[in-house]
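Here is a short briefing for a first look at this model. Keep the structure open as you read.

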Amino acid sequence: MVLFLPAFTFASELPEYHLDVSFDIQNAKITGVARINARSKDITVNTGQLKILDVSIDKQRIPFDIRKGILKISGIDKGIVEIRYEGVFRDNNNVIGEKGISLTGLWYPQIEGLFRYRLKTTLPEGYEAVSEAEGIIKNTKNGSAEFIFDFPHLVDGISLVAAKRYKITKDTFNDIEIFAYFFHEDIEFAKKYIEYTKKYLRLYEGIIGKYPYKRFSVVENFLPTGLSMPTYTLLGQDVVNLPFIVETSLGHEILHQWFGDLVYADYEKGNWTEGLTTYLADHLYEEQKGRGWEYRKQALVDYESYVNEKNEFPVREFRGRVGFASRAIGYGKAAMIFHMLKKMTGEDIFYRSLRDFIKEKAFQKASWGDLRAILERNYGKDLQWFFRQWLDEKGLPELRFKNVKAVRKGSKFEVSFDIAQGEKAYVMDVPVTLHFGDIKRKESFRVDKKTNSFSMVVDREPEKIVMDEDYDIARQLSNKEFPPIIARLIGDEKIVAVSPIGKKELYSGVIEMLEERNAAHKEAGEIKDSDIKASSLVIMGNDNPLIERLYGKPETIDAGFSIIVRNNPWNQQKVAAIINGRTKEEIDTAFRKIFHYGKYSALAFDRGKNIYKRTDESGRGIAVNLFEQPMAVEVSALKTLNDVINSVSGKKIIYIGEHHDQFAHHNVQFQVIKGLYAKNKKVAIGMEMFQMPFQGILNGYIAGRISEKEFLKKSEYFKRWGFDYNLYKPILDFAREEKIPLVALNIRREIVAKVSKSGLDSLSEEEKKEMPRQMDFSDNEYRDRLTKVFKMHKNAKERNFDFFYQSQVLWDETMSMSIDEFLKKNPDYQIVVLAGSGHIQYGSGIPKRVFRRNGYDYAVVLNDADIEKTIGDYIIFPGTLEGVTAPKLMVSLREEKGRVVIEGFSENSVSEKAGLKAGDMILSIDSELIDSVEDVRIHLFYKKKGETVKVKALRKRFILGDVEIEFDVTL
Ligand SMILES: [Zn+2]
């Protein structure tokens, strides 16, 4: 092989690098001569995998020594260094082969710093070649083609791309020559790419100044690249037919012609080019469509999904993209930094500074510091604090509202609020918007401390206040703004994969892929609530019992493969993905693809092809409601209880809420039951007050097999429920008379108590059998309401909210299961459900859970509830109703070894008056033996006020010995 040298003479005072290469394509081999006019005494040459054949200075060969791919040459003075080398490239970012030549990595001896390059290459005839060039000279002779590339500017490296199959399409924009190098099979795309190229050149010449070169080429590559080099962009064949490439990526790469390919990144000091290019390309295109805020929100969603403590770094340390996390930092957060800069300085100063930056730093390496200096000069203010907090600090600031208050002030309203930050206090301008129906008022507030207080005075009653609803700040998202999406699963360091019950082999590929990502692997039966709380989950198989345990019933998508991501109900920072598939092949193929669909909450694939995708709704901005529109009722539309009975009579299930101690509420329940029974004899009554193991006792009582007294004793009514039985008696009497079935809805009280104290995990295997299989913990509004209830408890601090929440849901789910089971066995029945209002209002406790199970139509009737939207279907205001309650001994009792002992007396106690004393053991009342407190209550239930009972007690005496005494207590 003959090499023609030298092609150029060294003329300029600049450092020059002449490179002359030829190829043996069959053997993937390059042979080259580098001639370097370094203009320094010593140079360091990065040779990587290259084989260096010889090195000479001014044609004098010198001995050389290469260590770890580095060749050092010294004592050059003003001579010309010549390096002859060869290399074989078959993969990664350098490839020489039949499909073409793509050399974008280390393919020639590289020297740090900027050089003026002259590249000459010889290729077989029929090839076309591209490199950084203002002009390309092509000479064909003797079956080969020689290309000479002329790029008369300093640059820090060059590339070379060539292929036999290129067809070149040419066009112009002003005085710029535009070329499209596409493979013949893709030539149809060339025109579109050229049109878009012109559109982008016009856009950017308008914003940041003239395109810097004489030519621009769009070059298709057989390798999957997306690169921008001075004068051309290199796009992979795998993506050129995708619509978003011309819509976004092409514009992004064209903008790099200024940022990166004209003003070079000073990588040592941080790569600013991606953030700036993303901001003025990808982001700008969305902004032009009015969706800038959505783009910025997505950037923050990506950041929070992919970036964690382990992979987080300050923006200044970004060099290049190596994965999702570095992309979220170097592209996403950095773009947000430019957005904040533009907001602060104003558009004029921002764009003027960018034009100055390009002019002053063309063909040079530039840093964040250079950008800052030019912005400071134009803005006239110091910006060091800004660049320091956003470039040198890791992470994003955390913002929230505190002490939001809206008060009347004369004829106006004053809204006052604190903006609180997390650990680190940033200095920034936080936009706050007040909403008045369709009208908004937005203002910016400068914060600089952990808490800053502000106020706004407005003419009208504001409905809500929202912080940063347009995502103008790079900040952490609140839970409500953060949808459950696949990215959060991909970005989580802690994942537990939960095996399906059957067909385990279908998911073996998924488990392997997850284990490569350090996921733990568990069976559904062995996973504890603490595991769930600490991790994101991949739940395999729609029949996986964990789905019912967390969400009640799975949403299913009928497809070859589906994934549905939901919030982890035990930890709002984590998610759970439910995956399901038909065959191992479908599952393996589709699961590998989900990594490209990070922003979605649900996906479905058939034979590897995406057929469905969805992102769940999430909040916009950090919002607090102020004044809501007051509720009103139309008086002429008021109904009577009878109207309500008529309108609910067609429903399968009628829920009637109560405050347990209100006779009036129970009377409403009774009226409704009687009214419904008059229309339909197939009515049943479901009661919270009775627990499932006692269903047989209820049946016996209704059937007339046992007396009321036996019923009260055997159903353990006083032990397990305890409210005065007079409250419920009319309803139960009516049920017994008319043989209306009673359904014991509740779970055993002991189980709820245990869960409330130590959580579901604390239940024994036996106890777990009493739990319903379906448990839905995902109703966040219910959770929020229960949080408020929980905080009102006296000893909330000592107790665990998760356990409290578990016990409430266990209670609700058991009752809804009992209702559902009754209706499954008795499908022709209608059921009236009596329960505390808390289990019924907003449908959260029982009604929606029953609906999830069977889909039956229902009505929610509440007593004395607040009038609020969605609280129920009807609210009854029954007034007060006095009722006679059972008399009391006016003592406090405790049970001790099967004996009932008096602990103390209430004020003016009839028992104390009769002579009983604390410590006395009650043996019998009216000769009926007393074994328990409920025996006392059952006995007294049948007494009236003013009657006298004979209480026999055992009194312990220290010296005289125990004695039995009988007392007459007048109730
Ligand atoms: Zn880029």
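**Briefing: cavities, a sheet and a helix pair**

The second largest cavity is lined by Leu489, Ile490, Ile495, Leu514, Arg517, Phe591, Ile594 and Phe595. The model is predicted. The points below cover cavities, then a sheet and its helix, then two crossing helices, then a further set of strands.

**Cavities**

- The model holds four cavities of 30 Å³ or more.
- The second largest cavity encloses about 50 Å³.
- Seven nonpolar residues and one charged residue make up the lining of the second largest cavity, with no polar residue.
- Arg517 is the charged one, since Arg counts as charged.

**The five-stranded sheet**

- Five strands form an open sheet in the order S17-S18-S19-S21-S20.
- Pairing in this sheet is mixed.
- Strand S17 (166–173) and strand S20 (226–229) are the edges, and each pairs on one side only.
- From one strand to the next, the twist averages 15°.
- Eight bridges join S17 to strand S18 (residues 176–183), in the antiparallel sense.
- One residue pair to find here is Lys170 with its bridge partner Phe179 in S18.
- Helix H2 (residues 243–255) packs on the sheet.
- H2 touches strand S19 (215–221), S20 and strand S21 (232–236).
- The direction of H2 makes about 140° with that of S21.

**Two crossing helices**

- Two packed helices are described by the angle between their axes and the distance between the axes.
- Helix H1 (residues 190–208) and helix H3 (residues 273–288) have axes that come within 13 Å and cross at roughly 95°.
- H1 is therefore roughly perpendicular to H3, because angles of 65 to 115 degrees count as roughly perpendicular.
- H1 brings Tyr200, Leu203, Tyr204 and Ile207 to the contact.
- H3 brings Leu280, Ala281, Leu284, Tyr285 and Gln288.
- The contact of H1 with H3 has eight nonpolar residues, one polar and no charged.
- Gln288 is the polar one, because Gln is outside both the nonpolar and the charged groups.

**Strands S46, S48 and S49**

- Strand S46 (residues 921–925) pairs with strand S48 (residues 948–955) over four bridges, in the antiparallel sense.
- Met921 has Leu954 in S48 as its bridge partner.
- S48 also pairs with strand S49 (residues 963–970), in the antiparallel sense and over eight bridges.
- In S49, Glu966 stands opposite Lys952.

Notes
Residues numbered from 1 in each chain as written. Predicted model: local features only at pLDDT ≥ 70, side-chain atom pairs only at ≥ 80, totals over all residues. Heavy atoms only, no water. 1 Å grid on protein atoms, 1.4 Å probe; cavity = no way out; pocket = protein on both sides within 12 Å on 5 of 7 lines; lining within 4 Å. Points joined across faces, edges and corners; volume = space filled by probe spheres on them. Pairing = 2+ DSSP bridges. Helix = DSSP H or I, 4+ residues; strand = E, 2+ residues; numbered from the N terminus. Axes fitted to C-alpha atoms, helices over the stretch in contact; angles between N-to-C directions. Contact = heavy atoms within 4.5 Å. Parallel < 35°, antiparallel > 145°, perpendicular 65-115°, else oblique.
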